[in-house]
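Colleague: I have a model open on my screen and would like to learn how to read it. Could you take me through it, feature by feature?

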Amino acid sequence: MTDRTDSAATALAALADPTRRQLFEHLRSGPRAVGELARGVTVSRPAVSQHLAVLKAAGLVRDTAAGTRRVYEIDPKGLGAIRAWLDDMWGGALQNFRADLESEDVGKKEKE
Amino acid sequence: MSRLEIRLAPINRSVVVKADVARSFAAFTDRMGRWWPRTHSIGSTPLADVIVEPRVGGRWYERSTDGAECEWGKVLAWDPPGRLILAWQLDANWKYDPALVLEVEITFTALEGGMTRVDLEHRNLERYGDKAATVRDMVGSDNGWVGILKSFVADVEAT
């Protein structure tokens, strides 16, 4: 893995946890306060706060203060890191694919 | 879901190869292990081969030099020589997750002079955040994946 994979790997690892996936899923329909998010899952509210902190550290969500409440929403840049990583991988793979296929052509012609 | 959802733009990559459509499809599917970047594998020992079983439902997996096999996904559509859809099921840091399915669609289009344009679309990236149960339902569906061919932004000038 190259250094470029680091942020994507962090984001993917954060989403590997089922509770965090669930919290992330709730946020897909719009911003939510911590209290609302806690009602949708079986773990305790402090645990929810911890999971949200992991998601935030991975760049998947961001939070803002709304009065006394803290509201979380999906940070599109987090998944963008995963996208950039896969995009880079496929770019390299397709270049290799073409090189392999066309070098086979050269080999054939030399044999003929 | 009627409310706002986050959707990520799919990855689109294209390459033009000096080979006809049939040979391009065969090279892509039969010999993936020859051109797959060695930096991208999940086995504990180096990558020896990447295998795509040539049928719907076939496995897509890597074989390490010690003979161990690691699943990557499966074949969702097998329409040689024009189209292939693979399920990408690698999650956190290249770990196989049977509950996660992202589609990779590859189309092979004949160009003049016996050349082929290969268009690749890797989509459903937002499913990294999906609930496992939802994804499992999708995996169980026979017709869920064979979708609409999208128009690709061709990068014919790619060299």
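Modeller: Happy to; we will go through confidence, folds, sheets, helices and a few backbone details. Keep in mind that this is a predicted model.

Colleague: Let's begin with confidence, then. What is the average pLDDT of chain A?

Modeller: As a general idea, where pLDDT is low, the predicted coordinates should not be read in detail. Chain A averages a pLDDT of 80, and 79% of its residues score at least 70. Element by element, helix α1 (residues 5-15) of chain A has the lowest mean pLDDT, 68, while β1(A) has the highest, 92.

Colleague: How many helices and strands does chain A have?

Modeller: A good habit is to list the elements and then read their order. Chain A has five helices and three strands, and along the sequence they follow the pattern α-α-β-α-α-β-β-α. Chain B has three helices and seven strands, in the pattern β-α-α-β-β-β-β-β-β-α.

Colleague: In which order do the three strands of chain A lie in their sheet?

Modeller: Order in a sheet is read from which strand pairs with which. In chain A the three strands make an open sheet ordered β1-β3-β2, with antiparallel pairing. Its edges are β1 (32-33) and β2 (61-66) of chain A, each of which pairs on one side only. Between β2(A) and β3 (residues 69-74) of chain A there are six bridges, and these two strands run antiparallel. For a landmark on your screen, find Val61(A), which stands opposite Ile74(A) in β3(A).

Colleague: Which helices of chain A pack on that sheet?

Modeller: Look for contacts, then for the angle between directions. Helix α2 (residues 18-28) of chain A packs on the sheet and touches β1, β2 and β3 of chain A, and its direction makes about 90 degrees with that of β3(A). Helix α4 (residues 45-57) of chain A also packs on the sheet; α4 touches β2 and β3 of chain A, at about 120 degrees to the direction of β2(A).

Colleague: Which residues of α2(A) are buried?

Modeller: They are Arg20(A), Arg21(A), Gln22(A), Leu23(A), Phe24(A) and Leu27(A). After α2(A) comes Gly30(A), with a positive phi near 140 degrees. For the chain as a whole, buried residues make up 35% of the 112 residues in chain A.

Colleague: Now to the other chain. Which strands sit at the edges of the sheet in chain B?

Modeller: Start with the order again: seven strands form an open, antiparallel sheet, β1-β7-β6-β5-β4-β3-β2 (chain B). The edge strands are β1 and β2 (47-52) of chain B, each pairing on one side only. From one strand to the next, the twist averages 20 degrees. Seven bridges join β1(B) to β7 (residues 116-123) of chain B, an antiparallel pair, and here Asn12(B) stands opposite Glu121(B) in β7(B).

Colleague: Which side chains of β1(B) are buried, and which are not?

Modeller: Read this strand by its two faces. In β1 (residues 11-17) of chain B, Ile11(B), Arg13(B), Val15(B) and Val17(B) point to one face and are buried. Asn12(B), Ser14(B) and Val16(B) point to the other face and are not buried. Turning to the helices, α1 (residues 21-30) of chain B lies across β1, β2, β5, β6 (102-110) and β7 of chain B, at about 150 degrees to β6(B).

Colleague: And the backbone details: where is the cis peptide bond?

Modeller: In general, most residues other than glycine have a negative phi, and most peptide bonds are trans. Here a cis bond joins Pro80(B) and Pro81(B), with omega about 0 degrees. Pro81(B) lies in the loop between β4 (69-79) and β5 (83-88) of chain B. Another residue to look up is Asn124(B), which has a positive phi of about 70 degrees although it is not a glycine.

Colleague: Where does Asn124(B) lie, and why does Asn124(B) count as buried?

Modeller: Asn124(B) is in the loop between β7 and α3 (132-140) of chain B. Asn124(B) counts as buried because it has 20 C-beta neighbours inside 10 Å, and the cut-off is 20 or more.

Conventions. Residues numbered from 1 in each chain as written. Chains lettered and ligands numbered in written order. Pairing = 2+ DSSP bridges. Helix = DSSP H or I, 4+ residues; strand = E, 2+ residues; numbered from the N terminus. Contact = placed C-beta atoms within 7 Å. Axes fitted to C-alpha atoms, helices over the stretch in contact; angles between N-to-C directions. Buried ≥ 20, exposed ≤ 12 C-beta atoms within 10 Å, placed from the backbone. pLDDT = per-residue confidence, 0-100.
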